[in-house]
Amino acid sequence: MDAKLFNLHRTRQVAGRLGLDESWMLRLAEELRTAEGRANYIREFTLFDPRPAKKPRDIISVRGDLRLAQRRLHQRLLSKAIEPTPYSHGGVRGRSIKTNAGQHARSRFVYLTDIANFYPSIHSSRINDFFGSNGCHPSVARLLTSLTTLDYHLALGLITSPILAEAIIKPVDRRIAVACDRLGLVYSRYVDDICISSKHSLQGSGIDATIRTILRQSGFKVRASKDRFIRVDEGCAITGIRIHRGRLSITPIYADELESDLGRALLFARGGTHTGLFFTKEQLWGRVQFVRWINPGRAKPLVRLFRQIPWRRYRVAASQSGLIAAKPVFGERDTASI
């Protein structure tokens, strides 16, 4: 990165760039250093997903002054200075899980893994060094680090975390890409999910050891339990999308589950007993639209089934039965004991 893109020598300059009051920003940063002050701006939750095999996740919700500061930092400073590599598809405008999977449509074999504890593994000292090495005075780097990290690391829920993570992992992307280019392999990354593909088998190629070495030397680790070597024609899914005969498609499991949920909704609306998780019309239509986005042909029978459901009767029956939509549940954590 060009240091001139930041070129911030005083906290007053930061305030001017963000359109905020300098004393307001300094006071906010000071409050965030204590548990009591932080509680005014951050609430911590555990997300419980009702779907099978989904593990609880710890997340945070940002509010008030910190939310404003985060938004300004992202829009007026970071997004203008940090450009993700061509290999990154997560949280990048114009890219998605679809473009990520599409990189590997012509391959026959894939190696999949992911980076363990991606955001938490990026310590605040690395963020401070990043700002300091890119044109920020130490006082400015400390201020920006205070406003973009939590508990000494990047955190899920801070809107600045994805773009700062991209800045930190950029050298890793380049090293992996160079290693893959030498072997004629295709590399892409969706946040913490890594995919490498080839027309030839990758098992025994050593690419997994190479990835682990590059990540370890850069302060990251792979989640070894997620390592997979798969043939594309065995129906592997890349960020939830299947490659079938060189084309992108939804996974059979996703299609089957959606079709079953629509079928149960139809029977329930016609007077039957509801079984399984209860989904609203909007939830089911969102899933149908996802299939349309990935694989329009596969969506046609699902759309027809969706339109057969008498939704008014469905809602009345759900209300009379006291059914509650199967949505993720947020449980607030007691941070006083943490």
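At what angle do helix α10 and helix α12 pack, and how far apart are their axes? In this predicted model, helix α10, which covers residues 252-269, and helix α12, which covers residues 296-308, pack at an angle of about 15°, and their axes are 9 Å apart. Since angles under 35 degrees count as roughly parallel, the two helices α10 and α12 are therefore described as roughly parallel to each other. The crossing of α10 and α12 is left-handed. On the side of α10 the contact is made by A255, L258, E259, L262, G263 and L266, while α12 contributes R298, L302, L305, F306 and Q308. Sorted by class, this contact of α10 with α12 has 7 nonpolar, 2 polar and 2 charged residues. A general point about helices helps in reading such a list: an α-helix has 3.6 residues a turn, so residues three or four places apart point the same way.

With that pair of helices in mind, we can turn to the protein as a whole. The secondary structure comes to 13 helices and 10 strands, and the C-alpha atoms fill a box of roughly 65 × 55 × 35 Å, taken along the principal axes. Of the 338 residues of the protein, 44% count as buried. If we consider the contacts with a separation of 6 or more, residues 24 or more positions apart account for 72% of them.

Another pair of helices gives a second angle to consider. The axes of α2 and α4 come within 11 Å and cross at roughly 115°, and the crossing of α2 and α4 is left-handed. Here W24, R27 and L28 in α2 meet D65, L66, L68 and A69 in α4, and the residues of this contact divide into 5 nonpolar, no polar and 2 charged.

Both α2 and α4 appear again when we look at helix α7, whose buried residues pack against α1, α2, α4, α6 and α8. Helix α7, residues 138-148, is mostly covered, for 8 of its 11 residues are buried. These buried residues are V140, A141, L143, L144, T145, S146, L147 and T148.

The loops on either side of α7 each hold a residue to look at. In the loop between α6 and α7 lies C136. This cysteine has a relative accessible area of 7%, so C136 is buried. Leaving aside neighbours within four places in sequence, C136 is in contact with F6, L8, F131, A141 and L144, and of these A141 and L144 are listed among the buried residues of α7. C136 and I163 are 27 residues apart in sequence, and their C-alpha atoms are 17 Å apart in space.

In the loop between α7 and α8 we find D151, whose phi is near 55°, a positive value in a residue other than glycine. This deserves notice because most residues other than glycine have a negative phi. D151 has a relative accessible area of 43%, and is therefore partly exposed. R245 also has a positive phi of about 55° although it is not a glycine, and R245 lies in the loop between β8, residues 241-244, and β9, residues 247-250. At 78% relative accessibility, R245 counts as exposed.

Why do the cysteines C180 and C236 form no disulfide with the closest cysteine, C195? A disulfide is a covalent bond between the sulfur atoms of two cysteines, and the rule applied here asks for sulfur atoms within 2.5 Å. The sulfur of C180 is 9.8 Å from the closest cysteine sulfur, which belongs to C195, and so is too far for a bond. The sulfur of C236 is 7.1 Å from the closest cysteine sulfur, again in C195, and this too is too far for a bond. By this rule the count for the model comes to 0 disulfides. As for their surroundings, C180 is buried, with a relative accessible area of 1%, and C236, at 3% relative accessibility, counts as buried as well.

Finally, we return to the region that follows α10, where H274 lies in the loop between α10 and α11, the latter covering residues 281-294. Is H274 buried or exposed? At 16% relative accessibility H274 counts as buried, because the cut-off for buried is under 20%. Not counting residues up to four places away in sequence, H274 touches F268 and L323. The C-alpha atoms of H274 and F45, which are 229 residues apart along the chain, are separated by 31 Å.

Technical notes: Residues are numbered from 1 along each chain as its sequence is written. This is a predicted model: local features need pLDDT of at least 70, side-chain atom pairs count only at pLDDT 80 or more; totals for chains, interfaces and linings use all residues. Side-chain values use heavy atoms; hydrogens and water are left out. Axes are lines fitted to C-alpha atoms, for helices over the stretch in contact, and angles run from 0 to 180 degrees between N-to-C directions. Helices (H or I, at least four residues) and strands (E, at least two) are DSSP runs, numbered from the N terminus. Angles under 35 degrees count as roughly parallel, over 145 as roughly antiparallel, 65 to 115 as roughly perpendicular and the rest as oblique. A crossing is left-handed if the near helix is turned anticlockwise from the far one by less than a right angle, and right-handed if clockwise. Contact means heavy atoms within 4.5 Å. Ala, Val, Leu, Ile, Met, Phe, Trp, Tyr, Cys and Pro count as nonpolar, Asp, Glu, Lys and Arg as charged, and the others, Gly among them, as polar. Buried means under 20% relative accessible area, exposed over 50%, partly exposed in between (1.4 Å probe, protein chains only).
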